[in-house]
Amino acid sequence: MATPAHVAIIMDGNGRWAKARGLPRLAGHRAGVEALRKTVRAAPGLGISFLTVYAFSSENWSRPKSEVSDLMGLLKLFIRRDLAELHQSGVRVRIIGDRAALQPDIRGLLEEAESLTARNEALTLIIAFNYGGRDEIVRTARKLAAAVARGEIVSEAITADTFAASLDTAGIPDPELVIRTSGELRLSNFLLWQAAYSELVFLPCYWPDFSREHLADALRDFAGRERRFGGLAAQDVAAS
């Protein structure tokens, strides 16, 4: 079975999961963290080398301050509680997103996680935090424009490859598969450049209910698809 090296997940539905059970939204986010733990543990055994998760979008700042504070607290707890286990399991942590707006203590924890695990190879866990696909593209365009203005490169040297090499995900292969839970059918500003040719799988379950079996089912779905990247299907090529 063809297995994608890089799977990206939009972890959606924590709040609705909690509401359906008469619980506060924070309970849904806590349950979502546990689902993330299980997914990270399962990924290497399923042949996944890179796992990107949408933890906090650049649009999430518009949520109530109390909820934002809860989410920041959960991030701190996840790193402090799980970093040692991730490191011991050979998981490398990468962070993508705009760190400029983050509090110094949050930035410090993210940098610590990256530094400690930098040489691990069992799985690369990419956490999209304060991330937005459009924002990433704009930041990259500004970075390259500044390089042109300084005379470091000429504009004609900017290609799709050089642009990709300046994104937050530089050095990481594009995701072959993007999974979204909760039944919503959109990317919500997630990996807009990188997901140009990704296969998309939308699941009706809320993120806290996501299991190893859901992930394995999504991988089987992926294996049954033919990826053409704008070309012809194999049978069409043979017939031409």
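Helices (H or I, at least four residues) and strands (E, at least two) are taken here as DSSP runs, numbered from the N terminus. The model is a predicted one, so local features are given for pLDDT of at least 70 and side-chain atom pairs for pLDDT 80 or more, while totals for chains, interfaces and linings use all residues. Residues count from 1 along each chain as its sequence is written, and side-chain values rest on heavy atoms, with hydrogens and water left out.

We can start with the loop between β5 and β6, where Gly183 sits. Gly183 is partly exposed, at a relative accessible area of 37%; buried means under 20%, exposed over 50%, and partly exposed in between (1.4 Å probe, protein chains only). Setting aside neighbours within four places in sequence, Gly183 is in contact with Leu203 and Pro204, where contact means heavy atoms within 4.5 Å. Between the C-alpha atoms of Gly183 and Tyr54 there are 16 Å, with 129 residues separating the two along the chain.

Two other residues of this loop catch the eye for their backbone angles. Most residues other than glycine have a negative phi. Ser182, in the loop between β5 and β6 (199–202), has a phi near 85 degrees, a positive value. Leu191, from the loop between β5 and β6 too, has a positive phi as well, near 50 degrees. Both count as buried: Ser182 has 9% relative accessibility, and Leu191 has 1%.

Leu191 turns up again in the surroundings of Thr52, a residue of strand β2. Not counting residues up to four places away in sequence, Thr52 touches His6, Val7, Ala8, Ile9, Ile96, Ile126, Phe190 and Leu191. Thr52 is buried, since its relative accessibility is just 1%. The C-alpha atoms of Thr52 and Ile127 are separated by 5.8 Å, although these positions lie 75 residues apart in the chain count.

Now for the rings. Across the whole structure, a search turns up seven aromatic pairs. Rings of Phe, Tyr and Trp (its six-membered ring) pair if their centres lie within 6.5 Å, and planes under 30 degrees apart count as stacked, over 60 as edge-to-face and the rest as tilted. One of the pairs joins Tyr54 and Tyr131, edge-to-face, with 6.1 Å from centre to centre and 80 degrees between the planes. This pair ties together distant parts of the chain, as Tyr54 belongs to strand β2 (residues 50–57) and Tyr131 to strand β4 (residues 123–131), 77 residues apart. Both partners are buried, Tyr54 with a relative accessible area of 9% and Tyr131 with 0%. Ring pairs also bring in Phe190, which forms a cluster with Tyr54 and Tyr131.

Tyr54 has a part in the open space of the model too. The largest pocket holds about 640 Å³ of space. Its lining counts 28 residues, and those closest to the pocket centre are Met11, Asn14, Tyr54, Ala55 and Phe56. On a 1 Å grid over the protein atoms alone, a pocket is an open set of points with protein on both sides within 12 Å along at least five of seven lines, a cavity is a set where a 1.4 Å probe fits but cannot get out, and lining residues have an atom within 4 Å of a point. Grid points are joined across faces, edges and corners, and a volume is the space filled by probe spheres set on the points. The elements α1 (14–20), α2, β2, α3 and β4 each bring at least two residues to the pocket lining. By class, that lining has 15 nonpolar, eight polar and five charged residues; Ala, Val, Leu, Ile, Met, Phe, Trp, Tyr, Cys and Pro count as nonpolar, Asp, Glu, Lys and Arg as charged, and the others, Gly among them, as polar.

As for closed space, the search of the whole structure finds one cavity of 30 Å³ or more. The largest cavity has about 50 Å³ of space and is lined by Phe78, Ile79, Leu83, Leu86, Val93, Ala113, Leu125 and Ile127. With four residues, α3 gives the most to this lining. The lining has eight nonpolar, no polar and no charged residues.

Finally, Glu176 lies in the loop between α6 (160–164) and β5 (177–180). Glu176 is buried, at 19% relative accessible area.
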